[in-house]
Structure formats: C-alpha cells, structure tokens
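Student: I should like a close look at one part of this structure, chosen by you. Please begin there and then relate it to the features around it in a single connected account.

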Amino acid sequence: MSFDIDAYRRTVAPVQFDDIDFSVFGERPLSPETLRALRFMHDVESHTVCYLRDLLLTHAHEDPRMTTFLTMWNYEEYWHGVAIGRILEAHGEASEDERIGPMRQRLGVKDRLSPLTSAVGSAVLGHDFIALHMTWGAVNEWSTAAGYDRLATREGHPVLSTLLGRIAKQESRHIAFYATEARERLGRSRKARTVTRWALKNFWAPVGSPVMPVEETQFVLEYLMGGTTGREFARRIDRKVAGLPGMAGLEVVQTALDARGIPATDGDVPVPAPIRPTPRTAGLTAVR
Ligand SMILES: [Fe+2]
Ligand SMILES: [Fe+2]
C-alpha cells in the first residue's frame with residue numbers, strides 16, 4: 001500500500017505545544033539524565049535540515065513526490081527541535097540557536113564532506129542510492145520513535161510524556177513513508193538490496209552518533225537502549241528491518257549496541273567499549 005503523500009501534506013503542522021504549561025517543570029523538574037538525553041534529541045532533530053541538504057544531492061530531488069515529503073518532514077523535525085528546546089529553556093538551559101550554532105561550528109570539515117560523499121554515492125549507484133537512503137531513514141525513524149517512547153516511560157513525567165507522545169505520533173508518519181519507500185525500492189532492484197544490506201551491515205550507526213560527541217551518544221544509548229527493556233526495543237527494530245526485502249537476518253541495532261558495550265540485560269556491567277568509528281560516508285549518514 002503506498003503512502004498517501006497528499007493526505008500527509010494537508011495535515012502537516014508543527015507539533016502542538018502551545019497548550020503545554022512548561023512552568024510545571026519549575027515545580028517538578030526532570031532528572032539530569034533525562035535532560036541530558038533531551039539535549040541530544042534537540043540537537044539531532046535540529047540537524048535535520050543538514051540531512052535534507054545531503055538528500056537533495058541525490059536523485060531524490062528529481063522525484064516531486066519525494067521532495068514534497070522531504071519538505072514536510074524537515075518542517076516537522078524542525079518543530080520537534082523547537083518543542084524540546086522549550087523543555088530545556090524551562091530548566092534554565094540554552095536551546096535552539098544558542099545550541100545549534102556552536103554544534104554546526106564544531107562539526108567543521110566532517111560536515112562539509114558529507115554532501116560530497118552523498119553526491120558521489122548517488123553518481124555511482126544512481127537511483128539505487130535512494131533505496132539505501134530510504135532504508136537507512138526507516139531504521140533511524142524506528143529508532144527515534146523507540147527512543148521517545150522509552151524516555152517518556154523512564155521519566156514518568158506527565159508533561160514530558162504528553163509532548164513526547166505527540167512528537168512520536170508524527171514520527172510514525174515518517175516511519176510509514178520511509179518504510180514504504182524502502183520496501184518498494186528494495187523489492188524491485190537486486191542491486192539496491194545488495195548495496196543496502198552491505199551498507200547497513202558495515203556502516204549503520206545509531207541515530208545522531210555521526211554528529212554528536214561520542215560520550216553523549218554512549219550515554220543516550222545506555223540510558224534508552226541499555227538493559228533488558230532497552231534491548232527488547234532494539235530487537236523490535238531489528239525485526240522490522242529484517243522484514244524488508246533482502247534484509248533478513250540483519251541485526252543492525254543490536255550489533256551497534258554490542259559494539260559500544262551497551263548492556264543487553266539489567267545484570268550486565270557496562271564495559272568501556274572501543275567505539276566503532278562513525279561512518280565517513282555522508283550519504284550513509286544523511287538520514288539521521
Ligand atoms: Fe523528530
Ligand atoms: Fe522523524
């Protein structure tokens with residue numbers, strides 16, 4: 001079943017937060033751990049426009065249906081960053097431009113190489129590169145939705161849960177688009193299946209990790225994907241990925257967690273893991 005892009009664009013809107021009383025956090029603040037995870041999420045959501053920049057260098061820009069989705073997707077992700085920023089502000093922390101400016105400066109050359117790799121990957125693989133992007137995007141949107149779900153449950157703060165629930169609802173439409181596109185594009189091209197499987201197996205890295213400091217990624221993975229419950233979330237994502245054409249048997253999320261020493265059960269003692277290098281190929285990191 002194809003994704004109804006027209007219905008999507010007619011209903012796209014900033015995530016609602018004008019009815020939320022953020023002063024509640026003054027009386028009942030969030031834990032330092034959850035705030036740290038929210039800083040990560042704020043920065044990664046706000047980086048979406050840079051992923052869009054890279055995506056548009058591929059053949060995706062030739063497909064008006066694709067560009068319609070990407071336009072709306074970027075808009076919604078932008079507002080996710082703003083909404084999370086309001087929570088940070090309510091705790092007396094910097095948000096939006098105050099965080100985003102220094103982040104973009106910090107990325108420097110790494111970020112400037114990203115579009116180049118995307119363009120080269122697209123030139124070499126043609127339209128099959130889009131299949132890879134869509135699959136990558138599906139994994140990342142599944143991971144993002146799981147992260148919000150887990151964060152809301154861990155913290156158990158009603159206001160946070162309300163806002164994250166609304167964001168997750170929008171993420172579910174992003175999932176629908178990416179997964180549908182991935183399924184269709186992988187299904188009709190053997191080359192796309194081969195390349196995508198190889199790329200996911202060798203280069204997939206958790207959402208945000210290519211642009212966020214290693215220690216922040218490590219913290220968020222342990223907090224949200226660590227232990228028995230976190231591992232179950234990872235398994236669920238892996239099962240969805242494995243259900244896509246040509247992806248059977250892949251366990252990309254669990255493999256990434258293992259590579260970083262993230263505990264798989266509540267009894268595990270975290271070990272400082274050798275951090276797997278982040279993928280240098282921007283085309284492979286272009287969808288967070
Ligand atoms: Fe988002
Ligand atoms: Fe999303």
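Tutor: In helix 4, the residues that count as buried are T48, C50, Y51, L52, D54 and L55. The model is a predicted one. Helix 4 spans residues 48-55, and with six of its eight residues buried it is mostly covered.

From this segment one may turn to helix 3, which comprises residues 32-46 and carries E45, a residue linked with E77 of helix 5 (residues 64-90) across 32 positions of sequence through the metal site described next. The iron ion (ligand 1) takes its protein donors from E45 (OE, listed twice), E77 (OE), H80 (ND1) and E171 (OE), at 1.9 to 2.3 Å. Along the chain these donors follow the pattern E-x31-E-x2-H-x90-E. E45 and E77 are both buried.

A second metal ion belongs to the same description. The iron ion (ligand 2) is coordinated by E77 (OE), E141 (OE, listed twice), E171 (OE) and H174 (ND1), at 1.9 to 2.6 Å. The spacing of its donor residues in sequence is E-x63-E-x29-E-x2-H. The two iron ions, ligand 1 and ligand 2, lie 3.8 Å apart, with E77 bridging them. E171 likewise appears among the donors of ligand 1 and among those of ligand 2.

Helix 8 (residues 158-187) supplies E171 and H174; because these two are three residues apart within that helix, about one helical turn separates them. The relative accessibility of E171 is 0%, so E171 counts as buried. H174, with a relative accessible area of 0%, is therefore buried as well. Q170 is also found in helix 8, and its relative accessibility of 12% falls under the 20% cut-off, so Q170 counts as buried. Leaving out residues up to four places away in sequence, Q170 touches A13, P14, V15, E76 and H80; H80, in turn, is one of the donors of the iron ion (ligand 1).

Helix 3 also takes part in the nonpolar packing and in a charged pair. The largest nonpolar core has 84 residues, and those touching the most other members are L38, F69, W73 and L200. Helix 7 (residues 128-155) gives this core its largest share, 14 residues. L38 contacts L30, I84, I87, L88, L151, L160 and L164, with residues up to four places away in sequence not counted.

The charged pairs connect further segments. There are 17 salt bridges in the structure. One of them joins the side chains of R99 and D43, at 2.7 Å from N to O. R99 lies in helix 6 and D43 in helix 3, so this pair ties together parts 56 residues apart in sequence. R99 has a relative accessible area of 22% and is therefore partly exposed, whereas D43, at 3%, is buried.

Another pair involves helix 8: R166 forms a salt bridge with D19, their closest N and O atoms being 2.9 Å apart. R166 lies in helix 8 and D19 in the loop between helix 1 (5-11) and helix 2 (24-27), with these positions 147 residues apart in sequence. R166 is partly exposed at 23%, and D19 is partly exposed at 44%. Helix 7 takes part in a salt bridge as well, since the side chains of K191 and D128 meet at 3.9 Å, N to O. K191 is in helix 9 (residues 190-203) and D128 in helix 7, 63 residues apart. K191, at 43%, is partly exposed, but D128, at 15%, counts as buried. In addition, D63, R65, E181 and R185 are linked in a network of salt bridges.

Helix 6 merits a final remark. L107 is found in this helix and, with a relative accessible area of 10%, is buried. Apart from neighbours within four places in sequence, L107 is in contact with H47 and V211. The C-alpha atoms of L107 and V211 are separated by 6.9 Å, although these residues are 104 places apart along the chain. L113 also lies in helix 6, which covers residues 97-125, but L113 is partly exposed at 44%. Together with V109, L116, V120 and V124, L113 forms a nonpolar surface patch with about 470 Å² of accessible area. In the loop between helix 5 and helix 6 one finds E96, which has a positive phi of about 45 degrees although it is not a glycine. Most residues other than glycine have a negative phi. E96 is partly exposed, its relative accessible area being 25%.

Conventions:
Residues numbered from 1 in each chain as written. Chains lettered and ligands numbered in written order. Predicted model: local features only at pLDDT ≥ 70, side-chain atom pairs only at ≥ 80, totals over all residues. Heavy atoms only, no water. Donors = N, O, S within 2.8 Å, 3.2 Å for Na, K, Ca; no water. Helix = DSSP H or I, 4+ residues; strand = E, 2+ residues; numbered from the N terminus. Buried < 20%, exposed > 50% of the residue type's maximum accessible area, 1.4 Å probe, protein only. Patch = residues over 30% accessible without salt bridge, like charges linked within 9 Å, V, L, I, M, F, W, Y side chains within 5 Å. Areas by Shrake-Rupley, 256 points an atom, 1.4 Å probe, with all protein chains shown as cover. Salt bridge = Lys/Arg side-chain N within 4 Å of Asp/Glu carboxyl O. Contact = heavy atoms within 4.5 Å. Core = buried A, V, L, I, M, F, W, Y, C linked by side-chain atoms within 4.5 Å.
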